Amino acid sequence: MERNSEEGAATDEEDEDQAACRSEDGEEDGTPACQTSTGGVPDASVDTLALRLCRELVHRDQDLKSERETRPTVSSGVMSESQAERGAPSVSPSSLVDTCGPSTSSLSSSYFSTQNHPGVSSSSSSSSSVLSLTPPLPPSVELSALLTDTRLTLDVYKGGAAALPLLWGSILEPLRGLQYLRLGSEEKPGLDAALDVLTHLTELRSLAVRGHRFYDSQGDPLPGLLTTLPSSVSHLSHLVHLDLSFNQLTCLPPCLLSLPALSSLLLCHNHLSELPPGVGQLSSLTYLSLLHNELVSLPESLGQLKALQTLDISHNLLQQLPDEIGFLEDLVKLELSHNKLKQLPESMGSLLALRELVISSNGLRLIPHCLNKLPLLKIDVHDNPLGKPPTPPPLSPTPDQQETTIQELHLGFNQHSFCVSPAGCHVFLPGGAELLFPPGCLVTTTRLKWAEKRPERKWVWLEEHDILLSRPLELRPHGITFLKPVEVCVPYHRAKRREVVVQRFDGQSWGTLPTVLRRGSESHSSRPGGRPARLACCAVSQFSWFMAVSRPVKDTCSVTPAGVLLVSSADGGVKLRFPPDSTVQTRTVTLQVLQVSVSEMEDLCFPQARVSPLLCLSQSPSIHFLQAVEVQVPLPSGVTGHTVDMSCLYLLHGDPTAQTWTDITSQVSLKVTHLYAVFNIKHFSWYWLWYTTQRCVSGAARKVYQKLKQFKVQFLVLQRKTDPSQVMLQCLPTNRVDGRVQSLSEQYEGPQPSDLCDLLEGEQFFAGFERGLDISAERPDCVEGRLCFVFYSSLKNLKEVYICPAPGQKGPVRGQVSFYRGEFPNLPEEVVKKRKGPDSQWLATLPLRLPALNSENNFIMEEPQYPPLNLGDPESGYLTEANLLSISLQIGQNWRVIGINLGLSYQELDRIQYKCRDNLGALVLDMLFLWARGQRSAGPGAASRLVTAMMESGRRDLAEEIEGIVCIGRRKYSESLRRVGLEEPRNTGVDEATLGTDG
């Protein structure tokens, strides 16, 4: 029995097609049952009369030819709603148009001959009631696209159901032999009239009366209005396929219980609250879909459906299943997801034909052991509280019973050992890790140790597409064995659309352990005031090294000689079908799906190509299968079976060892359905479907695959403000750089981050101090002045070192730090000085400045020097540096708006903000000084411009304060002139008037 987590139920296009063909045509291969008539050439006058009558029946106005020509054709105007319903074997209108389309001549001669309808003529039909369709049928589409010998499709136009009674009154005899009929149910009057005609269509084999065929102006689907069926439907003794999805049914119409040949019944997206006990009378039923209803329970008579093969009752309100469900001996697929089931009946062990069981999103805490009897069964159990015990009822305490609680132990960063007694202990490690020792796991009190190791590449081995989420956690002593399993919980960073597992090192290799994900304790957060850490937990009996790793979801199953079906839990459209006798011995196969979006292809400079998910297939033992394995994969985004150009579709085979891709399209039989591509293989490896007009696909796939594994990163080089010799070097993915710089801005400063570079997960790179700088201490990870790093996208990739001037350097040093990829670069100093562009190993270079030392061997810290800030002139207004320093203290957070109104550019303000990002006062002063330097050549009136900028920035208080300072300055200047006798009387009057006004 294989368990798998399947996110969502994707439509299996091939199964849909086969089910539709079985229910309508009676053929497995989907060959159309209807054939184009090959009668002789009819009389030209008869053809003309037939065509005129056809168009009068389906057009509103024959004279509005220009308007009709702008309408879409039938095939392009229909949107099949069956794609939205999982596993619904309903007939596609486009398939009816494409597969059954006899010529107009044969149709007109057989349906509208004057011998069968002697009373019909062009003049009589023009006076009769005209069929109203919205939109009207375009002239380019004949009636043959909707009506053939045995098929009638009336759900392609809004209100098309009203055409059935009109056609019945006009062409009675041909409709008597109708076998396939599709009606829309979005308009009640036309639907009721069409249902009255159903009793006469006794040869009908397939009937679809569905809603959600059209959309309103807001893009929402129009609901179906069908509430019941007339009792006359019970006379349709040949009906085998019935689709009533997306309607308003609240109970099962009683007439359906009298259809002995009915094999497929679709009642999806209705309002059914129960099924009648008589549902067991549908003895021929093989497919029953009750998706998205309101069922609370199922009748016991459901077990009488002995022929049932597929049952979908997902998205309901079921709380339990009847024991009689075990009588469905032919059941192959059972969908029970999104219900309220808390247990499954033991009788399900009798479902020997069951191959697929979907029970996700329920309340199941335990999978019954009876399902272990079904080795070919594949189960989807995700989103269930499996393994979690139910809340027990409170027990009355007894005198002998003592309350047992496990002791909690919180360790600090400097506490690397602790003692655990036989009573157990819950240990909280710094950083968020937790260790849970149950009572009785040890016989005597034992001292244990822990340590977080640096993830060195020599012994941390990652598989393809793996991402390291935590530093390795070492627990010692390694040889100790616990009597009960100990829970080890490793904190990890969030990993989107990937599964997280715990890996353990056994001294030779890393192995994956069964992992449970949960949040840490509320009282123990990795950061003060933060949320509890995400934990990946596993149960172990021995200590070793542990680390959390994310990877593409891995689905594994055992293949026996009887065959099996493997469905990807990451993408339900990816399926592997192993036929019987494909292997002699049982082997284990593994499937991983790597999604590649359209935006990723555009970012990788391949916008002209569309790709499917990348399949990574492996097996043990690695030998060829005896029978070809059928592989189903979704078509590339934007490509469908109706629009695909097979000359642009390529199937590529990848060699994970050689990292090469080979085009094998001509070596396999590649079949395409509406949504999927299907091919057969005997050897497992990597497979990738490409849709492109490019010829050299193998080379493009190799480049794209390499870029998919790379991360866009930037390098940081920051110096501590209080000690410039302390340098922090860090490499981070570019989406985390800004937040990191902001968090470090209070304590560190340095140049802006480097340009974008590409690095692989686990790739080694080096940082070298150059141009007069060196590391001041010996380090094990430092060789010849180069620091060794290993890049992991979810870790910090950070090192702090102390630097000093190189021998012979005196005074301040303006050096640099360069980053190189690969093995240790041995570049001569003269090469470094003359290098003008990146070489094969160079990644980035950032400047670094080390101040000079004084006599006491301390760094000479340079204080920022600002120019004298004396603005304006005495006549128009004068501001001293002391005045503006006082004003700057009041500007605060408005500094940027004021700077913009003063005329500073956004680039200048961004540079100031980055330079002084940790000091608001310095931001304001730098902004004012920069503006003041530009006023030297701007002429008089600087003070008035500053007042205007304050007013425009909403700081009227500062504007009034500046005006007051300017008035005081002008008054003092006038008084000084008056004392020396240089002021003219006219100016005195003006000044006195001005002062009076200002006062």
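Begin by selecting Leu357. Leaving aside residues up to four places away in sequence, Leu357 touches Leu334, Leu336, Met348, Leu371, Leu377, Lys378, Ile379 and Asp380. Please note that the model on display is predicted.

**The nonpolar core**

Keep Leu357 selected and add Leu181, Leu321 and Leu371. These four residues have the most contacts inside the largest nonpolar core, which comprises 74 residues. Next, colour helix H8 (163-170), strand S3 (180-184), helix H10 (188-198) and strand S4 (206-210); each of these elements supplies at least two residues of the core. Which element gives the most to this core? The answer is H10, with five residues. As a general background, nonpolar side chains in soluble globular proteins tend to be buried together.

**The whole chain**

Now zoom out to the full chain. The secondary structure comes to 21 helices and 49 strands. Of the 999 residues, 48% count as buried. The exposed surface of the chain is about 47,600 Å², and carbon and sulfur atoms supply 51% of it. Among contacts with a separation of 6 or more, 64% are made by residues 24 or more positions apart.

**A salt bridge at strand S3**

A search of the whole structure finds 15 salt bridges. For one of them, select Arg182 and Asp155, whose side chains meet with an N to O distance of 3.1 Å. Arg182 belongs to strand S3, while Asp155 sits in the loop between strand S2 (151-153) and H8; the pair links distant parts of the chain, 27 residues apart. Are these two residues buried or exposed? Arg182 has a relative accessible area of 3% and is therefore buried. Asp155 also counts as buried, because its relative accessibility is 2%. Add Arg213 to the selection to display a network of salt bridges that links Asp155, Arg182 and Arg213.

**A salt bridge between two loops**

Move on to Lys709 and Glu464. Their side chains form a salt bridge, with N to O at 2.7 Å. Lys709 is found in the loop between helix H12 (697-708) and strand S37 (710-720), and Glu464 in the loop between strand S16 (446-452) and strand S17 (467-468), so the bridge ties together parts that lie 245 residues apart in sequence. Lys709 counts as buried at 17% relative accessibility, whereas Glu464 is partly exposed, with a relative accessible area of 28%.

**Strands S16, S18 and S24**

From that loop, step back to S16 and select strand S18 (residues 473-476) together with it. The two strands pair in the antiparallel sense over four bridges. To locate a bridge between them, select Trp450, whose partner in S18 is Leu475.

Which sense does the pairing of S18 and S24 take? S18 and S24 pair in the antiparallel sense, over two bridges. Glu474 and Trp545 can be selected here, as Glu474 stands opposite Trp545 in S24.

**The final stop**

Remain on S24 and select Arg551, which forms a salt bridge with Glu499; the closest N and O atoms are 2.8 Å apart. Arg551 lies in strand S24 (residues 545-551) and Glu499 in strand S20 (residues 499-505), so this pair ties together parts that are 52 residues apart in sequence. Arg551 has a relative accessible area of 9% and is therefore buried.

Conventions: Residues numbered from 1 in each chain as written. Predicted model: local features only at pLDDT ≥ 70, side-chain atom pairs only at ≥ 80, totals over all residues. Heavy atoms only, no water. Core = buried A, V, L, I, M, F, W, Y, C linked by side-chain atoms within 4.5 Å. Buried < 20%, exposed > 50% of the residue type's maximum accessible area, 1.4 Å probe, protein only. Contact = heavy atoms within 4.5 Å. Salt bridge = Lys/Arg side-chain N within 4 Å of Asp/Glu carboxyl O. Areas by Shrake-Rupley, 256 points an atom, 1.4 Å probe, with all protein chains shown as cover. Pairing = 2+ DSSP bridges.
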